[in-house]
Amino acid sequence: DGEVHINELRNGNTEMFWNPTSEVRRQRLKRHIVLFEEQTDFESERLWQHVTSAINKGDQHKATQEKFVLEEEQRNAARERRESGTEWKPLLFQHDTGTNEWHYKYEDLRPWDPLNDIAQFEKDGILQTMERSTRMSNHEATCINNQITRHKRSAKDCRRRKTSDQPSNHSQNTESSCSTPESVQELSDDDGKYLGFESLCAQCGKEMNHLKEIHSAVLSLQKAQQDIHR
């Protein structure tokens, strides 16, 4: 967070190497970490706490000793697994035998969508993305699909009546007698209110109201964050 200078010992000249201006600090990503007391034994901050403490105190000898202790413990653990025939199964990484590299299991390489993606967070070592649009449950999707099917049938029957029942000189009157939408594509959803559909079942309605409450809470948090940022 501070300025870094290069000091030339031969001639005593000083050169600016890095200057984190207020603009740089304002643009950088905010750091979010799990509380130390909530971390497991093998999370980096807890695992390397003694090494970090020694480095911060400027005691490189102590830091080297602590680092050696950690590495020796890891070697002993690996030796015991080999002797007992225990297979090591990483929780978050998988090995690519083709490239002989380790890759994070849950990596999300898709481009960030500012219109739909709200935030990315880590839970139990798994990176997740909070999105504005929430996927429907299986029950809700089945309910909606059934209603779409009924509307398709109704629209098809309506068009059939138009073509078979109307005389040529009464086309306008006959056409207005059918109120079912001709195209299911015209049906859309607006914040959970499915226009043109029958009423949602009780469970779907309850889930939709719950999602709307969550959405409202998220928007409120976003506004608070913006106010704090300003």
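**Notebook: a helix pair, a salt bridge and a surface patch**

I looked up Lys 62 and found that it forms a salt bridge with Glu 66, with the closest N and O atoms 3.1 Å apart (a side-chain nitrogen of Lys or Arg within 4 Å of a carboxyl oxygen of Asp or Glu). This is a predicted model, in which local features need pLDDT of at least 70 and side-chain atom pairs count only at pLDDT 80 or more, while totals for chains, interfaces and linings use all residues. Residues are numbered from 1 along each chain as its sequence is written, and side-chain values use heavy atoms, with hydrogens and water left out.

Both Lys 62 and Glu 66 lie in helix H4, four residues apart, or about one turn of the helix (helices are DSSP runs of H or I with at least four residues, strands are runs of E with at least two, numbered from the N terminus). My search of the whole structure finds eleven salt bridges.

Next I checked how helix H3 (residues 49–56) packs on helix H4 (residues 60–84), and noted an angle of about 170 degrees with the axes 8 Å apart (axes are lines fitted to C-alpha atoms over the stretch in contact, and angles run from 0 to 180 degrees between N-to-C directions). That makes H3 roughly antiparallel to H4, a term for angles over 145 degrees.

In the contact (heavy atoms within 4.5 Å), His 50, Val 51, Ala 54 and Ile 55 of H3 meet Lys 62, Ala 63, Glu 66, Lys 67 and Leu 70 of H4.

Definitions and conventions:
Angles under 35 degrees count as roughly parallel, over 145 as roughly antiparallel, 65 to 115 as roughly perpendicular and the rest as oblique.
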